[in-house]
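Biologist: Thanks for sitting down with me; could you walk me through this one, question by question?

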Amino acid sequence: MAKDPVRVLVTGAAGQIGYALVPMIARGVMLGADQPVILHMLDIPPAAEALNGVKMELVDAAFPLLKGVVATTDVVEACQGVNIAVMVGGFPRKEGMERKDVMSKNVSIYKSQASALEAHAAANCKVLVVANPANTNALILKEFAPSIPEKNISCLTRLDHNRALGQVSERLSVQVSDVKNVIIWGNHSSTQYPDVTHATVKTSAGEKAVKELVADDAWLNGEFISTVQQRGAAIIKARKFSSALSAASSACDHIRDWVVGTPEGTWVSMGVYSDGSYDVPAGLIYSFPVTCKNGEWSIVQGLSIDDFSRNKLDKTAEELSEEKALAYSCLI
Ligand code: NAD
Ligand code: LMR
């Protein structure tokens, strides 16, 4: 029997990531090849004509899974009955801008959209915040939508996770699909800590530790970390726009694993509400290693944290605490 359609909201749908993301959703990349979808697309009035153009293209592409399109500049109409909300709308960082520069523009958007989601989304709607500062926007959304369970609000660090997999795969000349269990700790910013302590590669002789195969701690503790931390800025420098296709694809990975579940023995990175695990202060949206089952994520527990890692986990937590304070000061 055919499944009922799932309503997926994409805010900022006329933007770059939106343009890459909506065809992926309509093609089943996010929710599966047998899951019909109804797309809700929100943008602001200056982008209304472009948004309508995206809607026209979705019609023209005749996606079999696409059962309807709502394209609107009305946040209430956009949020009505949505089961999944991918929050991309906001002002992107441009070359030379620090992420903090975009803070004041974006947190007020997330405060007001929190209320619309709380009032009009379906019960148990899952929210993924992509727009920067992603962790802090998600935190503001959580705080101003108190009836949405904190388990349902997350931010995107899967792009950083995928970037880390990509760097290891390039370095070792192995398939990216054979690398697993890297971790992104903390903020989606240049203080994030890409950690390969527990990462492995599938080889013909079984699973081997990335650390053992790379056998170059100077690279792993230096260039590898800074490449992943700075990858967003490098893409902006090269493209003059921030990453879009990789962000859209990683957003699909994030939601798919959250809804469908992570494969046995594999974890992924998600920005989620900290419960104090790994001595990360509670009350931040912080990227942790998580597994997902039955539509719920759980933080992987019991991983060893050496002094090098501890210092990096704390540094990115400190930045998130500062961002939280700054966000609140912008909202006064
Ligand atoms: P973009 O400027 O191309 O698109 C943003 C869209 O949001 C625009 O169409 C704009 O009109 C719309 N918008 C602005 N205010 C809005 C509002 N109040 N409601 C609804 N829509 C609104 O930017 P982009 O390249 O698509 O990037 C979007 C966001 O994603 C940026 O904040 C960027 O920094 C962030 N980003 C995050 C990651 C990540 O991994 N977390 C990766 C890449 C980009
Ligand atoms: C990215 O990681 O590609 C984006 O978040 C870029 C940015 O705005 O920092």
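Modeller: Happily; what follows is a set of questions and answers on a predicted model.

Biologist: Let's begin with the domains. How far apart do the C-alpha centres of domain 1 and domain 2 lie?

Modeller: The protein is divided into domain 1, residues 6-155, and domain 2, residues 158-324. Taking the C-alpha centres of domain 1 and domain 2, the separation is 23 Å.

Biologist: Which element gives the largest share of the side of domain 1 that touches domain 2?

Modeller: Domain 1 puts 31 residues into the contact and domain 2 puts in 32 residues. On the domain 1 side, the elements giving two or more residues are helix 1, strand 4 (84-87), helix 4, strand 5 (126-129), helix 5 (134-143) and strand 6 (153-155). That side divides into 19 nonpolar, five polar and seven charged residues. Its largest share, six residues, comes from helix 5.

Biologist: Where does the largest nonpolar core lie with respect to domain 1 and domain 2?

Modeller: This core has 96 residues, and Leu39, Val86, Val129 and Val130 touch the most other members. Its largest share, seven residues, comes from helix 4, residues 99-120. Because domain 1 and domain 2 both give residues to this core, it lies between them.

Biologist: Picking one of those well-connected members, which residues is Val129 in contact with, beyond its neighbours within four places in sequence?

Modeller: Val129 is one of the four core residues that touch the most other members. Leaving aside neighbours within four places in sequence, the contacts of Val129 are Met87, Ala134, Asn137, Ala138, Leu141, Cys155 and Leu156.

Biologist: Now to the loop before helix 1. Is Ala13 buried or exposed?

Modeller: Ala13 sits in the loop between strand 1 (6-11) and helix 1 (16-26). Beyond its neighbours within four places in sequence, Ala13 is in contact with Gly18, Val22, Met41, Leu42, Asp43, Leu51 and Val54. One of these, Leu51, is 38 residues away in sequence, yet the two C-alpha atoms are 6.8 Å apart. A residue needs 20 or more other C-beta atoms within 10 Å to count as buried, and because Ala13 has 29, the answer is buried.

Biologist: How many other C-beta atoms lie within 10 Å of Gly12?

Modeller: Gly12 is in that loop too, between strand 1 and helix 1. Setting aside neighbours within four places in sequence, Gly12 is in contact with Ile17, Gly18, Asp43, Val88, Gly89, Gly90 and Ala131. UniProt, in an unreviewed entry, lists Gly12 for "binding site", with Ala13, Ile17, Gly18, Asp43 and Ala131 among the other residues. Gly12 is buried, and its count of other C-beta atoms within 10 Å is 26.

Biologist: Is Ile17 buried or exposed?

Modeller: Ile17 has its place in helix 1. Leaving out neighbours within four places in sequence, Ile17 is in contact with Gly12, Val88, Val130, Ala244, Ala247 and Ala248. Because 26 C-beta neighbours fall inside 10 Å, Ile17 counts as buried.

Biologist: One more, on the open sheet of three strands. Which strands stand at the edges?

Modeller: The order of the three strands is 7-10-11, with antiparallel pairing. Strand 10 (residues 200-203) is joined to strand 11 by four bridges, and the bridge partner of Lys202 in strand 11 is Glu207. The edge strands each have a single partner strand, so one side of each is left without a neighbour in the sheet: they are strand 7 (179-180) and strand 11 (206-209).

Technical notes:
Residues are numbered from 1 along each chain as its sequence is written. Chains are lettered from A and ligands numbered from 1 in the order in which they are written. This is a predicted model: local features need pLDDT of at least 70, side-chain atom pairs count only at pLDDT 80 or more; totals for chains, interfaces and linings use all residues. A residue is buried if 20 or more other C-beta atoms lie within 10 Å of its own, exposed if 12 or fewer, and partly exposed in between; C-beta atoms are placed from the backbone. Two residues are in contact if their C-beta atoms, placed from the backbone, lie within 7 Å. UniProt positions are given in the numbering used here, feature names are shortened, and annotations may be inferred rather than shown by experiment. A nonpolar core is a set of buried Ala, Val, Leu, Ile, Met, Phe, Trp, Tyr and Cys residues joined through C-beta atoms within 7 Å. Domain bounds come from an automatic or database domain assignment. Ala, Val, Leu, Ile, Met, Phe, Trp, Tyr, Cys and Pro count as nonpolar, Asp, Glu, Lys and Arg as charged, and the others, Gly among them, as polar. Two strands pair if DSSP finds at least two bridges between them.
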